[in-house]
Amino acid sequence: TNEDNKDFKRFWEKCLSSLVWGYSHPQCLDYKPPFQPQQPLVFCKEYSKFGCCDLQKDEEIRIRFYTIMENFDHSGYVTCSRYIHSILCQECSPYAAHLYDAEDANTPMRILPGLCGNYCADYWHRCRYTMSLLLEDLGVLHQYANITMAIEEDRKRFCDFLELKDKQYCYPNVLTSAELNANLGFVRENPKGCLELCLQEVANGLRNPVAMIHADDGTHRFFVAEQLGYVWVYLPNGSRIDRPFLNLTHAVLTSPWAGDERGFLCIALHPRKAYVYYSVSVNKEERIRISEFTLSPHDDNQLDHSSERTILEVTEPASNHNGGQLLFGHDGYLYIFIGDGGRAGDPFGKFGNSQNKSTLLGKALRVDVEDNDDAPPYSIPWDNPFLWEKETRPEIYAYGVRNMWRCSIDRGDPVTGGGRGRMFCGDVGQNKYEEVDIIVKGGNYGWRAKEGFSCYDRKLCQNSSLDDILPIFAYPHKLGKSVTGGYVYRGCEMPNLNGVYIFGDFMSGRLMSLKENVTTGEWKYNEICMGRDQICRFPKLINSFYKYIISFAEDEAGELYFLATGAPSATTRAGFIYKIVDPSRRAPPGKCSIKPLPVKIKGKLIPFRPKAGKKQKKYSNCFMKFVINKKPTTTAAPTTTRKPTTPRGRGRGTKRGRGLRAGSVRLVSTDGLPNRGRVEIFVRGQWGTVCDDLFTSKAGTVVCRQLGFKTALAVLKRAAFGEADGSVRILLDDVECEGQERSLLDCKRSRVGKHNCSHAEDVGVICGYSFSDWGSFPG
């Protein structure tokens with residue numbers, strides 16, 4: 001009947017979002033990457049190595065299967081069991097989200113997985129009447145009781161309902177596609193060998209965030225230091241305590257100048273104590289100061305500011321090359337990394353500071369601060385390499401370094417322990433090369449004789465007594481001009497990245513990685529780039545970042561982060577913290593769950609509100625290529641879009657809107673079809689666009705009903721109907737509707753004209769009454 005036909009078409013609408021989204025990637029129905037189950041699956045065995053089901057989910061599917069098959073005699077069981085088994089097990093497919101059209105949380109999800117045409121025809125021919133059993137199993141049969149029989153009797157309608165038009169991704173073709181199954185579950189590489197990863201924003205609004213460390217006490221708090229002299233406490237839920245852990249702004253020597261290397265540079269925690277590294281001016285003399293603070297007896301989230309005790313001070317001949325790393329090794333000792341004193345080429349003395357073991361400049365130091373309350377600030381470990389060498393500072397652990405910026409200690413492989421205790425450092429180069437080193441006791445890292453693998457001072461370089469340790473990796477300045485050392489990933493959430501050393505470059509904004517061949521000891525280099533939009537289409541993930549990579553960090557669980565800014569000034573709130581995410585594989589559910597210990601909070605909590613994906617988009621992957629291939633600019637501060645002035649009382653904008661009510665809408669498209677296009681709204685005498693942030697089908701329905709249609713058949717984002725030109729203002733952002741409002745102005749939204757987006761995010765809708773209104777929508 002006609003009514004049955006309408007019901008069928010409405011039902012079918014749920015199965016057509018693939019027409020909009022097209023390209024796919026491995027993703028589960030919970031909008032997360034697939035995984036390898038901790039135990040082999042028993043029922044959906046084909047997905048035991050990689051997919052979207054653990055053993056518990058596999059058992060649930062098995063029970064559903066046998067419940068359905070109770071309706072069959074032996075002959076029917078033999079004939080139809082393989083179809084029911086295959087259809088039910090597609091929830092476990094690594095491409096489940098595409099098979100069910102569930103890749104976007106704002107689009108309707110299919111009731112059953114999408115089948116290939118030939119497979120569907122065979123299924124209809126042999127077992128067509130099982131559809132009602134599948135719908136009954138899902139608890140939706142009563143909603144479609146009027147149409148199920150009609151569908152089962154008509155092969156065309158049956159397969160129109162079940163078929164996925166994308167022949168590459170439909171079942172069972174998805175299992176045999178060489179392109180889709182090549183390197184499935186491994187980190188994706190683009191054609192140039194660049195590893196495609198994604199990011200999650202975890203903090204913003206920071207002033208040159210120079211360091212991030214974790215509490216290492218089970219609370220999973222982390223502490224973020226700003227160059228200006230503040231240290232802030234963040235909780236595992238992303239909120240920040242409003243009172244600083246430490247405020248040294250009165251003592252820290254820095255300036256608003258972009259690129260000033262002085263300031264608060266690092267912090268390291270020890271039980272009930274903290275050690276800090278900062279620049280200070282004493283009698284007009286610039287110094288590096290390493291100080292000790294004790295924890296407040298009244299608040300675990302604050303240091304006792306009156307407890308400062310100077311551990312060490314070193315005079316700086318120049319304002320650059322200040323070093324700035326503190327960390328505690330697995331041996332319990334404090335390691336301090338100090339730059340060579342500044343200027344170019346380490347011009348101090350006959351061999352420079354770095355090769356001169358009578359000075360602390362250009363060195364890695366190791367001291368013992370344990371049990372020092374009633375003793376000198378530090379003692380010298382008994383096995384320091386130069387303890388008994390004449391005219392040598394006993395604190396020296398390694399020498400010949402230029403300006404090591406960001407060092408870390410490898411936690412070791414979580415299973416074998418391999419690599420545990422290795423100390424990685426990025427050493428900033430002079431004119432040609434940046435390098436990554438592994439620091440060993442007594443090592444000479446070559447500066448100023450060498451820069452990277454090449455000679456810098458040829459006379460020193462040819463000295464047979466140099467006996468320097470070469471870097472594990474060095475790169476030329478065409479890739480970047482200021483290395484930022486990183487970490488070896490040893491976390492739980494991203495098994496593909498285990499053993500990968502991830503680091504970056506401050507000037508070029510390039511993310512990079514090294515992976516050791518444990519057999520040969522050689523390190524393989526891969527650049528890291530941001531995954532394309534489809535690859536990073538997971539909740540909360542982004543694929544862009546601000547280019548100045550200041551530091552890297554790991555949290556208590558071993559997950560990796562980096563700190564970056566769009567304006568390298570100590571006074572500009574342009575700093576972000578990003579978590580690194582591999583979208584190709586995750587750990588199995590439950591393996592990485594943590595339960596942070598409670599911590600008492602004094603003061604207020606400031607909730608985290610992400611800004612990513614809005615103004616940040618100007619630093620997308622395309623922009624990263626620009627700053628790599630062109631001469632980098634000295635600053636890339638975040639910018640706001642200038643609002644174009646609109647003529648008042650004169651001009652086409654005013655005349656065009658005469659007589660319209662505020663909140664009126666129209667759809668603009670190149671094909672001129674009245675039921676689809678870019679959404680534009682009339683407010684304050686002018687037409688303007690609406691951003692797609694938070695805009696769902698409910699908001700689309702509000703628009704469509706204003707135009708006389710019944711509903712929104714689809715909401716299209718990322719300017720799918722074209723971007724408005726620059727003369728058109730963006731009027732609404734962050735629109736959230738319930739679906740019953742008279743206009744978008746009645747919905748929850750930002751203030752008119754206030755937005756954090758561009759015309760690349762203009763939202764569009766397709767309106768209609770039923771399925772037939774899709775008409776000639778391109779698919």
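This report walks through a four-stranded sheet, the nonpolar cores, a loop asparagine and a short helix in a predicted model.

Let's start with the sheet. Four strands form an open sheet in the order 11-12-13-14, and their pairing is antiparallel. The edges are taken by strand 11 (325–328) and strand 14 (396–399); each has a single partner strand, so one side of each is left without a neighbour in the sheet. On average, and with direction ignored, neighbouring strands here are turned by 20 degrees against each other. Strand 14 pairs with strand 13 (residues 363–367) over three bridges in the antiparallel sense. Within that pairing, Ala364 stands opposite Ala398 of strand 14.

Next, the nonpolar interior. The largest nonpolar core contains 66 residues, and Phe264 and Ile336 have the most contacts inside it. Strand 8 (residues 273–282) supplies the largest share of this core, with seven residues. There is also a second, separate core of 44 residues, which includes Leu41, Tyr47, Cys92 and Tyr169. Back in the largest core, Ile336 is worth a closer look. Setting aside neighbours within four places in sequence, Ile336 is in contact with Lys363, Ala364, Leu365 and Val367, and its other partners include Gln325, Leu326 and Tyr277.

Now to the loop between strand 21 (483–488) and strand 22 (500–505), where Asn496 is found. Despite its place in a loop, Asn496 has a relative accessibility of 18%; the cut-off for buried is under 20%, so Asn496 counts as buried. Not counting residues up to four places away in sequence, Asn496 touches Gly185, Phe186 and Val187 as well as Asp582, Ser584 and Arg585. Asp582 is 86 residues away from Asn496 along the chain, yet their C-alpha atoms are separated by 7.7 Å.

The table lists polar contacts, including those of the Asn496 side chain and the one at the start of helix 9.

| Atoms or groups in contact | Distance |
|---|---|
| Asn496 side chain and Asp582 side chain | 3.2 Å |
| Asn496 side chain and Arg585 side chain | 3.5 Å |
| Asp154 side-chain oxygen and Lys156 backbone nitrogen | 3.0 Å |

The last row brings us to helix 9 (residues 155–162), which is mostly covered, with six of its eight residues buried. Those buried residues are Arg157, Phe158, Cys159, Asp160, Phe161 and Leu162. At the N-terminal end of helix 9, Asp154 acts as the cap, through its side-chain oxygen and the backbone nitrogen of Lys156.

How values were computed
Residues numbered from 1 in each chain as written. Predicted model: local features only at pLDDT ≥ 70, side-chain atom pairs only at ≥ 80, totals over all residues. Heavy atoms only, no water. Pairing = 2+ DSSP bridges. Helix = DSSP H or I, 4+ residues; strand = E, 2+ residues; numbered from the N terminus. Axes fitted to C-alpha atoms, helices over the stretch in contact; angles between N-to-C directions. Buried < 20%, exposed > 50% of the residue type's maximum accessible area, 1.4 Å probe, protein only. Contact = heavy atoms within 4.5 Å. Polar contact = N/O pair within 3.5 Å; in protein donor to acceptor, adjacent residues only side chain to side chain. Core = buried A, V, L, I, M, F, W, Y, C linked by side-chain atoms within 4.5 Å.
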